[in-house]
Amino acid sequence: MKVTSAAQLSHLLQESRKLQGLSQSSTAQKVGIRQDTVSKFENAPEGTRLDTLFKLLAALDLELEVRPRGEGGNTAGEQWQEEW
């Protein structure tokens, strides 16, 4: 899935957490952060620190892949659409 905004990323992680049957508290406990930190990320991700994002990714057994635009997902001729 291509993610182009903080809101999309937080929604994706929240969906993953729920699919895994994890609460915010259990997710937070896995990586040593507070439940309210998970809640803040899910509801207002714009101010989230990068280290918190990587802790959440680790807790959910997810990884972040960065690649040039248009690689592995965009169809020919598709233009980047900024969402901010």
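**A cavity and a core among four helices**

The largest cavity of this predicted model is lined by Leu13, Gln14, Arg17, Thr27, Val38, Phe41, Glu42, Leu56 and Leu60. Helix 1 and helix 3 are the elements that give two or more residues to this lining. The volume of the cavity comes to about 40 Å³, and a search of the whole structure finds one cavity of 30 Å³ or more. Rolling a probe the size of a water molecule over the atoms is what shows where such empty space is left.

The setting for this cavity is a protein with four helices and zero strands, whose elements run α-α-α-α from the N terminus on. Of its 84 residues, 27% are buried, and its accessible surface comes to about 6100 Å², with 51% of that area belonging to carbon and sulfur atoms. Among the contacts with a separation of 6 or more, 58% are accounted for by residues 24 or more positions apart.

Several residues of the cavity lining return in the largest nonpolar core, whose 11 residues are Leu9, Leu13, Leu22, Ala28, Ile33, Val38, Phe41, Leu53, Leu56, Leu57 and Leu60. Helix 1, helix 3 and helix 4 are the elements that give two or more residues to this core, and helix 4 gives the most, with three residues. Isoleucine 33, one of the core residues, is in contact with Ala28, Val38, Lys55 and Leu56 when its neighbours within four places in sequence are left aside.

Helix 4, which spans residues 50-59, has Thr52, Leu53, Leu56, Leu57 and Ala59 as buried residues. Seen down the axis of helix 4, these buried residues fall within an arc of 165°, so they line one face of the helix. The periodicity behind such a pattern is that an α-helix has 3.6 residues a turn, so residues three or four places apart point the same way. The buried residues of helix 4 pack against helix 1 (6-19), helix 2 (24-31) and helix 3, whereas Leu50 and Ala58, on the other side of helix 4, are exposed. Just after helix 4, aspartate 61 takes a positive phi of about 55°.

Helix 2 can be read in a similar way, with Gln24, Thr27 and Ala28 as its buried residues. Seen down the axis of helix 2, they fall within an arc of 95°, so they too line one face of their helix. What covers them includes helix 1, helix 3 and helix 4, while Gln29 and Lys30 are exposed on the other side of helix 2. Of the buried residues in helix 2, Thr27 belongs to the lining of the largest cavity, and Ala28 belongs to the largest nonpolar core. Just after helix 2, glycine 32 takes a positive phi of about 75°.

The loop between helix 3 (35-43) and helix 4 holds proline 45, which is buried, with a relative accessible area of 7%. Leaving aside its neighbours within four places in sequence, proline 45 is in contact with Ala6, Ala7, Ser10 and Lys40. The C-alpha atoms of proline 45 and leucine 9 are separated by 8.2 Å, although these two residues lie 36 residues apart along the chain. Leucine 9 is itself one of the residues of the largest nonpolar core.

Methods: Residues are numbered from 1 along each chain as its sequence is written. This is a predicted model: local features need pLDDT of at least 70, side-chain atom pairs count only at pLDDT 80 or more; totals for chains, interfaces and linings use all residues. Side-chain values use heavy atoms; hydrogens and water are left out. Buried means under 20% relative accessible area, exposed over 50%, partly exposed in between (1.4 Å probe, protein chains only). Contact means heavy atoms within 4.5 Å. The arc is that of the directions from the helix axis to the C-beta atoms. Accessible areas come from the Shrake-Rupley method with a 1.4 Å probe; for residues, only the protein chains shown count as cover. A nonpolar core is a set of buried Ala, Val, Leu, Ile, Met, Phe, Trp, Tyr and Cys residues joined through side-chain atoms within 4.5 Å. On a 1 Å grid over the protein atoms alone, a cavity is a set of points where a 1.4 Å probe fits but cannot get out, and a pocket is an open set with protein on both sides within 12 Å along at least five of seven lines; lining residues have an atom within 4 Å of a point. Grid points are joined across faces, edges and corners, and a volume is the space filled by probe spheres set on the points.
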